[in-house]
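Here are a few friendly notes to read alongside the model. Keep the viewer open and look up each residue as you go.

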Amino acid sequence: SKKYPYDARTATYLGHVIDTTPPGVTIDDVFDEQVLARAIELSPLRAQAWYMLANISLRKADAFPAGDPRQEKYYREAIAILERAVTAEPTNPAALAWLGSAQVRKARSASIFAAPGWVKKGFNTLDEAVERFPDVFIVYMVRGITATQVPDLFRKAPVAVKDLSAVVAMKEKNATAVPDTQMPSVYLHLGRAYRKNGQTAEARATWEKGRSAYPAAPEARAI
């Protein structure tokens with residue numbers, strides 16, 4: 001495996017701590033960007049720092065109402081960062097999946113005529129990630145969660161159910177295949193996917209399973 005410098009690991013961890021700051025706590029985005037830029041400089045082939053750097057821009061974009069022209073700049077920043085991540089490490093499944101998700105989210109700032117094109121572009125990227133890396137949980141998780149977040153007119157609920165169910169199956173087959181930290185979000189969004197797909201009984205059962213397995217997770221309170 002590629003060497004991961006200690007300073008890069010420390011900078012990435014600090015960036016993660018900042019990135020997961022609870023709602024209502026002010027985040028110093030400039031400092032966060034500096035920390036993550038340092039992590040990328042030290043270890044440019046690791047996708048996590050790239051994603052967290054892009055997430056700063058995504059967070060700024062999502063602070064505005066859908067369709068607000070101020071979103072455009074930040075979505076384009078995030079996409080550009082993730083495109084650089086894919087170029088730096090073309091075989092990294094997470095970078096490709098996150099790029100696809102950012103492209104789909106870009107539709108929120110697009111016109112009614114351009115938005116479907118961004119959704120299609122993003123899901124094409126996500127489909128590529130799944131096709132190229134069929135044994136990696138992150139590609140199914142990102143495509144599945146993204147599929148729950150698009151309007152119903154795109155009819156992505158079945159994709160979300162299939163993908164997020166695949167992540168649960170991976171976890172049940174091999175406990176180390178999916179980090180525990182990811183599973184509460186998987187259960188939350190799988191329940192939402194079932195509900196959007198008209199499977200209300202399955203949605204309730206999924207949420208109950210998630211609450212039972214991860215009672216202290218913030219997602220448990222969101223269900």
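1. Let's begin with a term. Two rings of Phe, Tyr or Trp (for Trp, its six-membered ring) are called a pair if their centres lie within 6.5 Å. Planes under 30 degrees apart make the pair stacked, planes over 60 degrees apart make the pair edge-to-face, and the rest are tilted. By this rule the structure, which is a predicted model, holds three aromatic pairs.

2. Start with Phe64 and Tyr74. Their ring centres are 6.4 Å apart and the angle between the planes is 15°, so this pair counts as stacked. Phe64 belongs to the loop between helix H3 (47-62) and helix H4 (71-88), while Tyr74 belongs to helix H4, so the pair ties together parts that are ten residues apart in sequence. Are these two residues buried or partly exposed? Phe64 is partly exposed, at 22% relative accessible area, whereas Tyr74, at 19%, counts as buried. The cut-off for buried is under 20%, which is why the two residues carry separate labels.

3. Now find Tyr187 and Tyr214. This aromatic pair is tilted, with 6.4 Å centre to centre and 40° between the planes. Tyr187 sits in helix H9 (residues 183-196), and Tyr214 sits in the loop between helix H10 (200-213) and helix H11 (218-222). The two are 27 residues apart, and the pair links distant parts of the chain. Tyr187 is buried, with 7% relative accessibility, and Tyr214 is buried too, with 18%.

4. How do H9 and H10 run relative to each other? Their axes come within 8 Å and cross at roughly 170°. The two helices are therefore roughly antiparallel. On the H9 side, the contact is made by Tyr187, Leu188, Leu190, Gly191, Arg192, Tyr194 and Arg195. On the H10 side, look for Glu202, Ala203, Thr206, Trp207, Lys209 and Gly210. Sorted by character, the residues of this contact are six nonpolar, three polar and four charged. Notice that Tyr187 takes part here as well as in the tilted pair with Tyr214.

5. A charge and a ring come next. The charged end of Lys156 sits over the ring of Phe123, at 4.3 Å from the ring centre. Phe123 also appears among the contacts of Arg143.

6. Where does Arg143 sit? Arg143 is part of helix H7 (residues 137-149). With a relative accessible area of 12%, Arg143 is buried. Beyond its neighbours within four places in sequence, Arg143 is in contact with Phe123, Leu126, Asp127, Val130, Val159 and Asp163.

7. Gln182 is worth a look as well. Gln182 lies in the loop between helix H8 (157-173) and H9, and is partly exposed, with a relative accessible area of 27%. Which residues does Gln182 contact, once neighbours within four places in sequence are left aside? They are Phe137 and Met141. In addition, the C-alpha atoms of Gln182 and Ile138 are separated by 9.4 Å, although these residues are 44 apart along the chain.

8. Finally, step back to the whole chain. The protein has eleven helices and zero strands. Buried residues account for 47% of its 223 residues. Among contacts between residues at least 6 apart in sequence, 58% join residues at least 24 apart. The pair of Tyr187 and Tyr214, 27 residues apart, is a handy example of a link between distant parts of the chain.

Notes:
Residues numbered from 1 in each chain as written. Predicted model: local features only at pLDDT ≥ 70, side-chain atom pairs only at ≥ 80, totals over all residues. Heavy atoms only, no water. Helix = DSSP H or I, 4+ residues; strand = E, 2+ residues; numbered from the N terminus. Buried < 20%, exposed > 50% of the residue type's maximum accessible area, 1.4 Å probe, protein only. Lys NZ or Arg CZ within 6 Å of the ring centre and 35° of its normal. Axes fitted to C-alpha atoms, helices over the stretch in contact; angles between N-to-C directions. Parallel < 35°, antiparallel > 145°, perpendicular 65-115°, else oblique. Contact = heavy atoms within 4.5 Å. Nonpolar A, V, L, I, M, F, W, Y, C, P; charged D, E, K, R; others polar.
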